Amino acid sequence: MWVCHCKGVTDRQIRSAINAGARTPVEIGAHCRAGTGCGGCLPEVCRLLDDHLTGLAYYASFGGSGCGDCPLLVDDTERELLSA
């Protein structure tokens, strides 16, 4: 399934980045470029990351808050990708 239309990135490529060790949306973007265009795919990038991380024991020990307070998303009314 296409997730990032700007950069042509699929969910499989994002999962590959996560499996390779990416643990933040910025790291995922560095690996496969997802989320580095308009930023509209960042909620789905975060969801895929959260799905993976919630299964990891150490993640639960840090509270497992997910990407709800992701610094890459400014707010719901005006989404803006901030530079890393």
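These are my notebook entries on a predicted model, from the overall fold down to one histidine.

**Entry 1: the whole chain**

I began with the overall make-up. I counted four helices and two strands in the protein. Then I read off their order. From the N terminus, the elements run β-β-α-α-α-α. I looked up burial next. Of the 84 residues, 35% count as buried. I also checked how far apart in sequence the contacting residues lie. Among contacts with a separation of 6 or more, 50% join residues 24 or more positions apart.

**Entry 2: the largest nonpolar core**

I turned to the core. In soluble globular proteins, nonpolar side chains tend to be buried together. Here the largest nonpolar core has 15 residues. Which of them touch the most other members? I noted Ile14, Ile28, Cys32, Ala34 and Val45. I then asked which elements give two or more residues to this core. They are β1 (2–4), α1 (11–19), α2 (25–32) and α3. The most comes from α3, which gives four residues.

I followed Val45 outward. Leaving out residues up to four places away in sequence, Val45 touches Val3, Ile14, Ile28 and Ala34.

**Entry 3: where α1 meets α3**

I looked at this helix pair next. The axes of α1 and α3 come within 10 Å. They cross at roughly 45°. An angle from 35 to 65 degrees is neither roughly parallel nor roughly perpendicular, so α1 and α3 are oblique to each other. I noted the hand as well: α1 passes α3 in a right-handed crossing.

Which residues make the contact? From α1 I listed Asp11, Ile14, Arg15, Ile18 and Asn19. From α3 I listed Val45, Leu48, Leu49 and His52. I sorted the contact of α1 with α3 by class. It has five nonpolar, two polar and two charged residues.

**Entry 4: His52**

I ended on His52, one of the α3 residues in that contact. His52 is found in helix α3, which spans residues 42–53. Is His52 buried, exposed or partly exposed? Its relative accessible area is 27%. Buried needs under 20% and exposed needs over 50%, so His52 is partly exposed.

I checked what His52 touches. Not counting residues up to four places away in sequence, it touches Ile18, Asn19 and Arg23. Ile18 and Asn19 are also among the α1 residues listed in the contact with α3.

Last, I looked up a C-alpha distance. His52 and Arg15 are 37 residues apart along the chain. Their C-alpha atoms are separated by 8.4 Å.

Conventions:
Residues are numbered from 1 along each chain as its sequence is written. This is a predicted model: local features need pLDDT of at least 70, side-chain atom pairs count only at pLDDT 80 or more; totals for chains, interfaces and linings use all residues. Side-chain values use heavy atoms; hydrogens and water are left out. Buried means under 20% relative accessible area, exposed over 50%, partly exposed in between (1.4 Å probe, protein chains only). Contact means heavy atoms within 4.5 Å. A nonpolar core is a set of buried Ala, Val, Leu, Ile, Met, Phe, Trp, Tyr and Cys residues joined through side-chain atoms within 4.5 Å. Axes are lines fitted to C-alpha atoms, for helices over the stretch in contact, and angles run from 0 to 180 degrees between N-to-C directions. Angles under 35 degrees count as roughly parallel, over 145 as roughly antiparallel, 65 to 115 as roughly perpendicular and the rest as oblique. A crossing is left-handed if the near helix is turned anticlockwise from the far one by less than a right angle, and right-handed if clockwise. Ala, Val, Leu, Ile, Met, Phe, Trp, Tyr, Cys and Pro count as nonpolar, Asp, Glu, Lys and Arg as charged, and the others, Gly among them, as polar.
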